Amino acid sequence: MNSLTPGAAARAGKDPLELALAADRVLCDRVRLFGERQDIPRLDAACDLACNSSVSVEGFSNAIGEAMACAIPCIVSDIGDARSIVGATGEVVPPGRPEILAQAILRLAADGDTRERWGALGRRRVAELERKVGQQALE
């Protein structure tokens, strides 16, 4: 696969992710990059599940919280605050283990009842977390 480093791609005015995707014969027909969008609620409504596959430390993931607020069930890597955000309302997988992540995605994709249950639980959980953070800010 021929690809530019992220720095070289940026200097050439190219998005390194787009370049890497275009060079990958398998993914190029399966993945679409939409760029900046203004209709995120519409896209969220079309999601069956959300996946956050981070492999490096991050704090509170807004993407996880936003998905949960939209009643989208989540599968997350056990990085940063992801486990404490999702709790028992989704699935937590080890970071850097794509085969385990893929198995979790396939299981959840095939189980509509669990998706619906986790989505509803996640929405309630993120509302509860928001209330707790708001109360702490007032104290």
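Strand E1 and strand E2, the latter covering residues 74–77, are joined by three bridges and run parallel. I begin with this pair, and I should say at once that the model before you is a predicted one. Two of the pairings can be named. Ala50 has Cys74 in E2 as its bridge partner, and Cys51 stands opposite Ile75 in E2.

These two strands belong to an open sheet of three strands, ordered E1-E2-E3, with parallel pairing. Why is one side of E1 and one side of E3 left without a neighbour in the sheet? Strand E1, residues 50–52, and strand E3, residues 91–93, stand at the edges and have a single partner strand each, so one side of each has no neighbour there. On average, and ignoring direction, neighbouring strands of the sheet are turned by 15 degrees against each other.

Let us stay with E2. In general, the side chains of a regular strand alternate between the two faces of the sheet. In E2, Cys74 and Val76 lie on one side, while Ile75 and Ser77 lie on the other. All four are buried, and both faces of E2 are thus covered.

Which helix packs on the sheet and touches E1 and E2? That helix is H4, and its direction makes about 165 degrees with that of E2.

Helix H4, residues 62–69, also packs with helix H7, residues 112–138. The axes of H4 and H7 are 7 Å apart, and the angle between the two helices is about 115 degrees. Their crossing is left-handed. On the H4 side, the residues that meet H7 are Gly65, Met68 and Ala69. On the H7 side, the residues are Gly119, Gly122, Arg123, Arg125 and Val126. By character, the residues of this contact divide into three nonpolar, three polar and two charged.

I now turn to two individual residues. The first topic is Gly90, located in the loop between helix H5, residues 82–86, and strand E3. Is Gly90 buried or exposed? Gly90 has a relative accessible area of 14%; the limit for a buried residue is under 20%, and Gly90 is therefore classed as buried. Leaving aside residues up to four places away in sequence, Gly90 touches Cys74 and Trp118. Cys74 has already appeared as the bridge partner of Ala50. Gly90 and Met68 are 22 residues apart along the chain, and their C-alpha atoms are separated by 9.3 Å. Met68, you will recall, is among the H4 residues that meet H7.

The other residue is Leu129, which lies in helix H7. Leu129 has a relative accessible area of 21% and is partly exposed. In sequence, Leu129 and Ile85 are 44 residues apart, whereas in space the distance from C-alpha to C-alpha is 8.1 Å.

Finally, the chain as a whole. How many helices and strands does the chain have? There are seven helices and three strands, and from the N terminus on they follow the order α-α-α-β-α-β-α-β-α-α. The chain has 139 residues, of which buried residues make up 24%. Its accessible surface comes to about 9500 Å², with 54% of that belonging to carbon and sulfur atoms. Among the contacts with a separation of 6 or more, 46% involve residues 24 or more positions apart.

Conventions: Residues are numbered from 1 along each chain as its sequence is written. This is a predicted model: local features need pLDDT of at least 70, side-chain atom pairs count only at pLDDT 80 or more; totals for chains, interfaces and linings use all residues. Side-chain values use heavy atoms; hydrogens and water are left out. Buried means under 20% relative accessible area, exposed over 50%, partly exposed in between (1.4 Å probe, protein chains only). Contact means heavy atoms within 4.5 Å. Accessible areas come from the Shrake-Rupley method with a 1.4 Å probe; for residues, only the protein chains shown count as cover. Axes are lines fitted to C-alpha atoms, for helices over the stretch in contact, and angles run from 0 to 180 degrees between N-to-C directions. A crossing is left-handed if the near helix is turned anticlockwise from the far one by less than a right angle, and right-handed if clockwise. Ala, Val, Leu, Ile, Met, Phe, Trp, Tyr, Cys and Pro count as nonpolar, Asp, Glu, Lys and Arg as charged, and the others, Gly among them, as polar. Two strands pair if DSSP finds at least two bridges between them.
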